[in-house]
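Got your viewer open? Here is a short walk through the molecule, one selection at a time.

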Amino acid sequence: MKSIRTLAAAGLLTLTAACGGDTTEAAAPQAAPTVTTGVSLKGVCPDTISIQLSWFPEAEYGGMYQLIGPGGTLDAKTGVYRGPLADTGVNVEVRAGGPLTGNDQVTAQLYKDDSLFMGMLATDEAIQNSREQPTVAVMSYFDKDPQILMYNPEKFDFKSIADIGKTDTPVLYFEGSTYMEYLVGSGQLKKSQVDGSYQGSADRWVASDGGVVQSGLASAEPYKYGSETRGWNKPVSTLLVYDAGYVNYASSLSMRPELVTRYDACLKEFVPMMQRAWVDFLKNPGPISAKITEMNREIGEFWQTSEGLNAAAVKTILDRQLAANDSTGTIGRFDETRVQKMIDILSPIFAAQNKALKDGLKPSDIYTNKYVKDGIGL
């Protein structure tokens, strides 16, 4: 299964690509990085902490770019953004993914490239690869997966995904999306109505006058279809797949298990920095959001982000509590019951696909809350 962003955005070809470029230095910073520590990580962490993303720069990754701040440098050919980690004595590089890494899963990249420290991947991907390419997540970047099904409110009045299944309305999605196997297997949608031929284009939606249901992300498609989609530019309504019982953690910061052990002392300091960076970005997203738009323009691929899209993404993340504190006021923790539910949901699905999971797989194989610091939250 590809990452949600690779699946949900790969075909948004209605966007106009900007011109590409070679390695370029970023413009002068508009604001300083907010992560300052007074703690030296030299000799504790790798000299360069490399983080692999699953897609081009976007607001959903704002906290990772916040670690560097807007004054880093971008290699426009590779999509790698680099800079010092405040006053720690080490550097960070955030590597864009998707087409820039051949649309490989982030898990595959972690096992292919030994220079990577961690990557952002979802719980369902970690479960899928638990046997051959295990990973351990050290922080949940999103509490709720932003995966949605969207519909035209002028034609439909769905209150739940199960309501869609009570009709014959076509549901367009990317083939290979495991959440759809769950929705069909749990009886919320009918196998006869789901269509895995979707590639991200708005063409069929527009041609049918919003007569289909379509997959997307809460932080992207509602704004794009409301403001940036030729032939539409009207509101859409959305339903979170999370609310249908697929309680996936999306974009969790994950590592190969042996690296978690090797860099235990590093993670005790670095994970709280990531928590603060995520909180600081959501409190003041402007400087990094502007840098994200600039980076995509310099990379010059079909994926482009507007200031309006970035602002809408942050608003959605907060309004729909896609990022949220736990009961102790802390951001970034995993819930054991939720991870076990995902194992229970996915075990029969992957068995039917002849994908072997780790024998006796349990939640503690997938994540650890050891490094998340109490009290750092929104």
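The tour has three stops: a helix, a cysteine pair and a threonine.

This is a predicted model, in which local features need pLDDT of at least 70, side-chain atom pairs count only at pLDDT 80 or more, and totals for chains, interfaces and linings use all residues. Residues are numbered from 1 along each chain as its sequence is written, and side-chain values use heavy atoms, leaving out hydrogens and water.

**Helix H10.** Select residues 264-283, which form helix H10. Helices (H or I, at least four residues) and strands (E, at least two) are DSSP runs, numbered from the N terminus. The end C-alpha atoms of H10 lie 29 Å apart, in agreement with the 28 Å expected for 20 residues at 1.5 Å a residue; that expected span is 1.5 Å times one less than the number of residues. The rest of the structure largely encloses H10, because 14 of its 20 residues are buried (under 20% relative accessible area, 1.4 Å probe, protein chains only).

**The cysteine pair.** Now show Cys-45 and Cys-266, which are joined by a disulfide with an S to S distance of 1.9 Å (the cut-off is a pair of cysteine sulfur atoms within 2.5 Å). Cys-45 sits in the loop between strands E1 and E2 and Cys-266 in helix H10, so the pair ties together parts 221 residues apart in sequence. Cys-45 is buried at 5% relative accessible area, and Cys-266 is buried at 0%.

**Thr-169.** Finally, go to the loop between helix H5 and strand E9, where Thr-169 is found. Its side chain makes a polar contact with that of Thr-167 at 2.8 Å (N or O atoms within 3.5 Å; within protein, one must be able to donate a hydrogen and the other to accept it, and residues adjacent in sequence count only if both atoms are side-chain atoms).

Technical notes: Buried < 20%, exposed > 50% of the residue type's maximum accessible area, 1.4 Å probe, protein only.
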